[in-house]
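Grab a coffee and work through a few short exercises on a protein model. Try each task yourself before reading the solution.

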Amino acid sequence: MLKKNYTEVTEFILLGLTDRADLQPILFVVFLVIYLITVMGNVSMILLIRSDSKLHTPMYFFLSHLSFLDLCYATNVTPQMLVNFLSKRKTISFIGCMIQFHVFIALVITEYYMLTAMAYDRYMAICNPLIYGSKMSRCVCFSLVIATYVYGFANGLVQTILMLRLSFCGPNEIDHFYCSDPPLLVLACSDTYVKETAMFVVAGFNLTCSLGIILISYIFIFTAILRIRSAEGRSKAFSTCGSHLTGVTIFYVTLFCMHLRPPSEAIEQGKIVAVFYIFLSPMLNPLIYSLRNKDVKEAVKKVVQQKLFLK
């Protein structure tokens with residue numbers, strides 16, 4: 001059989017959020033501000049947790065890694081997006097696209113299970129307080145975090161290898177603002193069945209598994225809280241879970257919107273939903289975990305007082 005002659009794609013063009021030239025400078029400013037707030041918020045959260053001994057607990061250990069993931073999330077996409085807002089040719093190299101693709105999937109799956117580990121930590125703290133110290137030791141917490149990173153990046157690597165096995169020889173315009181699965185598969189010249197199947201299986205399994213563990217954990221948590229006789233005790237127990245539950249709700253609702261939207265609305269609505277979980281969720285998380293958390297607010301107050309005293 002004769003092989004068809006074709007030229008492999010060496011770069012892609014990211015069409016971005018919109019093709020309207022008059023909106024590009026405005027969008028540049030908006031997303032630059034969002035990115036700066038995200039960086040400052042998450043870096044501050046990490047430094048605050050590391051510097052305050054009262055925050056050296058399993059809950060805040062996981063929270064520091066969640067902030068790190070959110071920081072990486074935004075940094076993986078935003079710089080390239082900001083450059084494209086001000087460029088005529090909105091290109092990204094083939095290798096650069098595959099790296100962005102791999103890192104994005106790895107971070108998404110890692111965040112699934114980081115949120116799951118945080119739910120398990122709250123379950124142990126509220127439902128099994130007497131054995132919490134031994135069950136959530138430093139070694140256990142470290143092992144859980146390492147496992148989430150290894151599993152997440154292993155999944156990302158598998159998906160990237162499957163993507164690299166495809167041929168890209170035709171149009172090179174990605175109808176998105178980053179290298180995402182569906183728009184890339186549309187451009188492939190070879191059969192995408194294996195990659196599409198793997199994509200749906202991995203996304204479905206990890207989304208269902210992680211969310212299932214979180215929901216089961218919170219069923220036990222709420223049952224235990226309702227058994228507490230004092231209103232003050234119930235309020236304190238609820239307050240330790242409120243921030244995490246809010247963060248989980250924002251993250252998973254946007255992901256479900258991403259996967260359950262009608263195919264006819266896949267591209268445009270996909271961009272809007274992606275803005276929420278790539279930009280807004282990482283920006284809001286530090287606010288959610290600080291404004292609704294007494295320990296974090298006290299740590300911030302302590303730092304501010306120290307700075308004023310030094311002056």
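The exercises below deal with a predicted model, going from overall confidence down to single residues.

**Exercise 1. Work out where the confidence in this protein is lowest and where it is highest.**

Step 1: Start with the overall figure. The mean pLDDT of the protein is 87, and 92% of its residues reach 70 or more.

Step 2: Now go element by element. Helix α10 (residues 294-310) sits at the bottom with a mean of 72, while helix α5 (residues 138-164) comes out on top at 96.

Step 3: Keep the usual caution in mind. Where pLDDT is low, predicted coordinates shouldn't be read in detail.

**Exercise 2. How many helices and strands are there in the protein, and in what order do the elements run?**

Step 1: Count them up: the protein has 10 helices and 3 strands.

Step 2: Walk along from the N terminus, and you get β-α-α-β-α-α-α-β-α-α-α-α-α.

**Exercise 3. Decide what the radius of gyration says about the protein when set against a compact globule.**

Step 1: Get the expected value. For 311 residues, a compact globule would come in near 19 Å.

Step 2: Compare. The protein has 22 Å, so the value agrees with the globule rule.

Step 3: Add the outline. Along the principal axes, the C-alpha atoms fill a box of roughly 75 × 50 × 35 Å.

Step 4: Look at the packing. Buried residues account for 46% of the 311. Of the contacts with a separation of 6 or more, 78% join residues 24 or more positions apart.

**Exercise 4. Describe the surface and the charges of the protein.**

Step 1: Take the area. About 16,800 Å² is exposed, and carbon and sulfur atoms supply 69% of that.

Step 2: Tally the charges. There are 26 positive and 18 negative side chains, and the centres of these two sets lie 12 Å apart.

**Exercise 5. Is Ser281 buried or exposed?**

Step 1: Find the residue. Ser281 is part of helix α9 (residues 266-291).

Step 2: Check the number. Ser281 has a relative accessible area of 3%, so it counts as buried, the cut-off being under 20%.

Step 3: See what Ser281 touches. Leaving out residues up to four places away in sequence, its contacts are Ile250, Phe251 and Phe276.

**Exercise 6. Is Arg229 buried or exposed?**

Step 1: Locate Arg229 in the loop between α7 (193-226) and α8 (231-260).

Step 2: Its relative accessible area is 81%, so Arg229 is exposed; the cut-off is over 50%.

Step 3: Finish with a distance. Arg229 and Ile278 are 49 residues apart in sequence, and their C-alpha atoms are 41 Å apart in space.

How values were computed: Residues are numbered from 1 along each chain as its sequence is written. This is a predicted model: local features need pLDDT of at least 70, side-chain atom pairs count only at pLDDT 80 or more; totals for chains, interfaces and linings use all residues. Side-chain values use heavy atoms; hydrogens and water are left out. pLDDT is the predictor's confidence in each residue, from 0 to 100. Helices (H or I, at least four residues) and strands (E, at least two) are DSSP runs, numbered from the N terminus. Buried means under 20% relative accessible area, exposed over 50%, partly exposed in between (1.4 Å probe, protein chains only). Contact means heavy atoms within 4.5 Å. The radius of gyration is taken over C-alpha atoms; the globule rule is 2.2 Å times the number of residues to the power 0.38. Accessible areas come from the Shrake-Rupley method with a 1.4 Å probe; for residues, only the protein chains shown count as cover. Lys and Arg count as positive and Asp and Glu as negative; His and the chain ends are not counted. The place of a charge is taken as NZ of Lys, CZ of Arg, CG of Asp or CD of Glu.
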